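User: Could you take a close look at one part of this model for me, the packing in its interior? I'd enjoy a connected walk-through with the cut-offs spelled out.

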Amino acid sequence: MFLVAVFVVGLVAQFVKPVGDALADKVYLGGALLTVVGYVLYAEVQRLNAGHSQQRRAEVELQSVAWRLEGEVRRLNQALRPRGVPPTELEAQFKDVLESGGNVRLSVLGFTGETFADPLVTRILPRLTQGVSRTVELRVLVPDFTKEIEFPGRVGADGKAGDAPGFRASLVSRIATHEERLKGQIERMDRKDRGTLYVEFRVLHMSPWLKLYFINDDVVYEGIYDKVEPTSESGNADLVGQPEPHGSGSHLLDPQGYDSLLTRWAKSDGEEGREIVNRRLELFETLWDSARTFTAEASGRARARPEVS
């Protein structure tokens, strides 16, 4: 508006002489004033441009920082996210916690207990450092194969699953063998000054699908028996002499999962890990309390754990 007013006054001065004469002495003052105004306007524009450039640089830097943080968070999440681990990692964890000594409790929900008993008996318990104070409690929960069940079981010529008494008997025998092997370490550990060992097997009428391995109440490895192996009854050494009531077309459904990947959860991993460990532990304890003690001829030679008052 100021510039418009100046323009109008100048235009009038061109045609109205008294006005022009009156303004003649003011030309230099007006020019100076316009110069000052122009400078101020220029300086303000420069300041605004500089401020805008600085803000833009700040925005670019902030975006760059955000991208870097996002990348770090993504890498951190990938590092913390549960991943599939092989059974060898679980074995290493068992070895480490047992070697450290103190009170250790390992709890397992499985099929026959083989993946738990074999590494403990052959590679871990006999090699523990002597003279270390340790008390080890092993709890193994497996299906009750003394009762009829369709899986694992026999698939007949009609394609339908049914009970396989001979196969179940072989599974009971396997469980008894694994229990006997573990309980055989009780006297050896005591004699070799490797600590005190307690072993208990319990059974519950259920199909083997889920695998849970607990290290104390802090860590759990979980997995599934993710493969079913159709096995010919005639080729199964455990079933020699067993009848095949469904005819020659029948075969066994035998769950497999010895080498299946496991997922590790730990309370120390944060809120999610703590919640999952607690939920899995609650599940196991509920099943364990509902189960009954496994009884087999092989288990009679092992020492039972004394009652805790």
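Analyst: Happy to; here is a walk through one helix, the cores and one buried acid. This is a predicted model, in which local features need pLDDT of at least 70 and side-chain atom pairs count only at pLDDT 80 or more, while totals for chains, interfaces and linings use all residues. Residues are numbered from 1 along each chain as its sequence is written, and side-chain values use heavy atoms, leaving out hydrogens and water.

Let's start with helix H5, residues 114-124 (helices are DSSP runs of H or I, at least four residues, and strands are runs of E, at least two, numbered from the N terminus). Its buried residues are Phe116, Ala117, Pro119, Leu120, Val121 and Ile124 (buried means under 20% relative accessible area, with a 1.4 Å probe and protein chains only). They pack against helices H4 and H6 and strands S2, S3 and S7 (contact means heavy atoms within 4.5 Å).

Phe116 also belongs to the largest nonpolar core, where Leu98, Leu106, Phe116, Leu138 and Leu182 touch the most other members out of 44 residues (such a core is a set of buried Ala, Val, Leu, Ile, Met, Phe, Trp, Tyr and Cys residues joined through side-chain atoms within 4.5 Å). H6 gives the most to this core, with eight residues. A second, separate core has 14 residues, including Leu212 and Trp288.

Leu212 is also among the residues touched by Glu222, which sits in strand S8. Glu222 counts as buried because its relative accessibility is 15%. Its side chain makes a polar contact with that of Arg280 at 2.6 Å (a pair of N or O atoms within 3.5 Å; within protein, one must be able to donate a hydrogen and the other to accept it, and residues adjacent in sequence count only if both atoms are side-chain atoms).

Definitions and conventions
Buried means under 20% relative accessible area, exposed over 50%, partly exposed in between (1.4 Å probe, protein chains only). Lists of a residue's contacts leave out its neighbours within four places in sequence.
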